[in-house]
Structures are given as structure tokens and as C-alpha cells.
Amino acid sequence: NITGVVGQKIDIRDGSAYYIRCNSTNSVELFYNGGSKFSTKDYGATLNGELRLTTGGNGYTFIGDPDTGMHNPSDGNLNFKVNGANRLTINSSGNVSIAKDLDVDGHTNLDNVNIAGVTTSTGNIYADNYFANSGLTLNNNANVSVNLTSTSTSGSSRIFFGDPDSALVGRLTYSHNGDYMQFFTAYGERLRIAGNGKVGIGTDNPGSNQLQVDGNVLINEAK
């Protein structure tokens with residue numbers, strides 16, 4: 001034990017630039033070259049400078065929760081551990097890997113994002129840079145697919161086409177209650193494919209006809 005007067009400095013190395021000062025009953029400061037580098041007060045701590053930990057070590061954890069914290073497993077890599085398992089990793093290339101779900105509340109701007117596996121969204125996902133060549137690209141294999149799955153047999157799955165004047169000037173809609181597909185342009189339905197494969201143009205009920213067109217039809221050459 002070291003005892004002394006409050007406010008008095010205690011040299012811990014003969015002739016060195018380091019010394020410790022007890023400023024109050026709950027405050028201790030570590031000085032180097034006359035400047036405070038580390039201080040504790042009321043069970044908190046302040047660090048003025050860098051905190052360097054050994055690569056490959058345990059990094060830092062929390063009192064009472066030693067299996068939660070951050071560590072540097074190898075040069076250029078950083079792991080965040082929760083409950084003894086790595087939950088987030090940043091590698092030397094700057095890539096971020098998240099082991100579990102990522103919940104984002106609010107707007108998030110992402111640039112060059114690769115998503116592997118199943119991604120679930122309960123809100124809106126925007127991927128755009130306005131009128132550039134490609135806002136969203138899906139590139140997986142020779143049989144890449146996009147699935148629009150409704151949670152109700154009486155609902156519908158829809159794709160909207162918009163512009164600065166309207167977000168739904170064009171639309172593709174598949175109605176699950178009736179199993180028919182609708183094609184919209186300039187806000188109106190122009191073509192419908194019924195569940196039995198019958199096609200109606202200008203009508204939403206092709207009836208028993210394989211193709212029914214309500215309106216004039218011009219055929220330049222018939223074979």
C-alpha cells in the first residue's frame with residue numbers, strides 16, 4: 001500500500017517522465033511529461049491518447065460479463081463478441097460481416113452491398129441512384145430469380161413503375177384471389193391474363209375466348 005497526502009505526486013519510476021497523482025479520495029491520474037494521460041474518478045475512467053492491446057489477445061471485456069467485448073484476432077481484423085460468440089467482424093479489406101439479424105430503424109444509405117442468404121424486410125427497401133443505368137442488380141447464377149410472396153391468398157403481388165410525376169404510372173399486378181395478372185400503363189389496366197390462360201386486351205373479362213380485344217384491330221398480314 002502507498003499512503004500520502006491528497007494532491008501530492010508519487011513517482012513510480014526514478015528519473016522518468018511518469019508519475020501518479022492522487023487528486024481526491026476517488027480520483028487518480030497518470031501523468032507523462034506533465035500531461036494527464038489517464039484518470040479515474042468515481043469508478044469511471046478517462047484516457048487522453050491511445051489504448052493499445054496485443055493482437056490475438058482477449059481485447060477488452062466488461063466486469064461481470066467477461067465473454068462480451070471486442071478483440072483483434074489477427075492483423076487488420078476486428079471482432080465484436082457477445083455472449084461468447086462473434087457477432088460482428090470487420091476484416092482488413094473493410095468488409096463487415098454480421099452473424100445475426102440487422103434491424104435498422106430509419107433511413108440508411110448503403111453503397112456496394114452484398115447480401116448472402118435470406119434477407120427479411122418488414123418495411124421499404126430502396127436501391128436507387130435515380131436515373132442512372134442500374135439502381136438494383138441481382139446477379140447470382142444462370143437461374144437468378146426474384147420472388148414476390150404475399151402473406152394472404154386474397155392479396156396481390158405488384159411491381160410499380162414510376163417517375164418524378166408519379167410513383168405508379170405503370171404496374172404489373174398478380175391477384176391471388178382469382179389467379180389473374182394485370183398489365184397497367186398510364187394508370188389504367190390495358191391487358192389481363194386470366195387464370196385459365198385467356199387473354200383480354202381492353203377488357204378485364206375475356207370470357208370463353210382465348211383472345212378477346214375490345215377495340216379496333218389492324219392486322220397487316222395474316223398467315
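These are my notebook entries from a walk through this predicted model.

**Entry 1: the chain as a whole**

I began with the confidence scores, since the model is predicted. The chain averages a pLDDT of 76, and 57% of the residues score at least 70. I then looked up which elements mark the two ends of the scale. Strand β13, residues 180-185, has the highest mean pLDDT at 96, while strand β1, residues 9-11, has the lowest at 52.

Next I checked the secondary structure. I found 16 strands and 0 helices. The chain has 223 residues, and 11% of them count as buried. I also looked at how contacts spread along the sequence. Among contacts with a separation of 6 or more, 2% join residues 24 or more positions apart.

**Entry 2: the sheet from β6 to β10**

Here I traced an open sheet of 5 strands, and its order reads β6-β7-β8-β9-β10. The pairing in this sheet is antiparallel. At its edges I noted β6 (60-62) and β10 (96-98), each of which pairs on one side only. From one strand to the next, the twist averages 25 degrees.

I took a closer look at one pair. Strand β7 covers residues 65-71 and pairs with β6 in the antiparallel sense over 3 bridges. Which residue of β7 stands opposite Thr61? I found Gly69 there.

**Entry 3: the sheet from β11 to β16**

Further along I met an open sheet of 6 strands, in the order β11-β12-β13-β14-β15-β16. Its pairing is mixed. The edge strands are β11 (156-163) and β16 (211-213), and each has a partner on one side only. The twist here averages 20 degrees from one strand to the next. Strand β13, the one with the highest mean pLDDT, belongs to this order.

Again I picked a pair to follow. β11 and β12 (residues 166-175) run antiparallel to each other, joined over 7 bridges. In this pair I saw Phe160 standing opposite Arg171 of β12.

**Entry 4: a charged pair**

How many salt bridges does the count come to? I found 1. The side chains of Arg192 and Glu189 form it, at 2.7 Å from N to O. Side chains of opposite charge can pair when their charged atoms come close. Both partners fall within β14, which spans 188-193.

I then asked whether Arg192 is buried or exposed. Arg192 counts as buried because its relative accessibility is 12%, which is under the 20% cut-off. Glu189 has a relative accessible area of 25%, so Glu189 is partly exposed.

**Entry 5: the loops beside β15**

Two loops caught my eye here. The loop between β14 (188-193) and β15 (199-201) holds Gly197. Gly197 is partly exposed, with a relative accessible area of 30%. I set Gly197 against Leu211: they are 14 residues apart in sequence, and their C-alpha atoms are 9.2 Å apart in space.

Thr203 sits in the loop between β15 and β16. Is Thr203 buried or exposed? Thr203 counts as buried, because its relative accessibility is 14%. A polar atom of the Thr203 side chain lies 3.1 Å from the backbone nitrogen of Asn205.

Last, I listed what Thr203 touches, leaving out residues up to four places away in sequence. The list is Arg192, Gln212 and Asp214. Here I met Arg192 again, the partner of Glu189 in the salt bridge.

Technical notes
Residues numbered from 1 in each chain as written. Predicted model: local features only at pLDDT ≥ 70, side-chain atom pairs only at ≥ 80, totals over all residues. Heavy atoms only, no water. Salt bridge = Lys/Arg side-chain N within 4 Å of Asp/Glu carboxyl O. Buried < 20%, exposed > 50% of the residue type's maximum accessible area, 1.4 Å probe, protein only. Pairing = 2+ DSSP bridges. Helix = DSSP H or I, 4+ residues; strand = E, 2+ residues; numbered from the N terminus. Axes fitted to C-alpha atoms, helices over the stretch in contact; angles between N-to-C directions. Polar contact = N/O pair within 3.5 Å; in protein donor to acceptor, adjacent residues only side chain to side chain. Contact = heavy atoms within 4.5 Å. pLDDT = per-residue confidence, 0-100.
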